[in-house]
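This report presents a protein structure to a reader who has not met it before. The sequence and the structure are shown first, and the description follows.

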Amino acid sequence: MSLAFLIFLMAWVVGMAATFVPVLPATLIIFLGALGATLLDGFQVWPDLPFLLTFGAITVLIGFVDNLASAWGARRYGGSRQAVWGALLGGLAGLFIPFGLLVGPLAGALLAELLLVRKSLPDALRSAWGTLVGLLTGLAAKLVLHLLMGLYELWRLWDPARSVFG
């Protein structure tokens with residue numbers, strides 16, 4: 001394992017964990033790890049530039065996928081913009097309670113629909129469910145893309161001949 005491999009591995013592990021925290025830029029952490037590892041490994045225009053441009057485009061795309069999935073779920077089930085924000089805030093609050101990644105967004109969206117939008121309980125429950133489905137769909141998409149990005153970069157950096165361990 002080279003130093004570049006280890007640096008990217010650390011950034012990737014942090015990025016994978018950050019995938020579950022809505023306010024942390026997990027994809028950007030992984031991209032910056034790839035950028036740093038590529039520069040440390042001795043940047044070459046070919047094949048490194050196309051690789052970094054592709055990873056940069058994927059980084060931007062993942063941001064759109066995450067936001068579109070949340071909006072799709074909320075709109076599909078009749079949720080409001082307030083429900084999406086409630087779900088995001090509930091997800092943050094949920095970091096501190098058991099099963100909070102599921103309960104937090106659902107409760108946040110439900111409370112936003114009931115208290116801010118003033119929907120009836122059945123309509124608010126439907127909207128909250130849709131918001132949760134959208135958030136989880138976006139989270140699943142991000143998780144898969146982060147996993148694929150990381151595995152590809154680790155494969156690309158793997159060079160047993162340049163091991164820092166001897």
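The protein exposes about 9,300 Å², and 77% of this area is supplied by carbon and sulfur atoms. The model is a predicted one. Of the 166 residues in the protein, 38% are buried.

The secondary structure consists of six helices and zero strands. Read from the N terminus, the order of the elements is therefore written α-α-α-α-α-α under the DSSP assignment of helices and strands.

The overall dimensions are as follows. The radius of gyration of the protein is 19 Å, whereas a compact globule of 166 residues would have one near 15 Å. Along the principal axes, the C-alpha atoms fill a box of roughly 65 × 30 × 15 Å. Where contacts link residues at least 6 apart in sequence, 69% of them join residues at least 24 apart.

The charged side chains are summarised below.

| Set of side chains | Number in the protein |
|---|---|
| Positive | 9 side chains |
| Negative | 7 side chains |

The centres of these two sets lie 15 Å apart.

One residue may serve as a local example. Thr-38 is placed in helix α2, which covers residues 26-40. Is Thr-38 buried or exposed? Its relative accessible area is 1%, and because buried means under 20%, Thr-38 counts as buried. Leaving aside residues up to four places away in sequence, Thr-38 touches Phe-43, Asp-48, Phe-51, Leu-52, Glu-153 and Arg-156.

Methods:
Residues numbered from 1 in each chain as written. Predicted model: local features only at pLDDT ≥ 70, side-chain atom pairs only at ≥ 80, totals over all residues. Heavy atoms only, no water. Helix = DSSP H or I, 4+ residues; strand = E, 2+ residues; numbered from the N terminus. Rg over C-alpha atoms; globule rule 2.2 N^0.38 Å. Buried < 20%, exposed > 50% of the residue type's maximum accessible area, 1.4 Å probe, protein only. Contact = heavy atoms within 4.5 Å. Areas by Shrake-Rupley, 256 points an atom, 1.4 Å probe, with all protein chains shown as cover. Lys, Arg positive; Asp, Glu negative; His and termini not counted. Charge placed at Lys NZ, Arg CZ, Asp CG, Glu CD.
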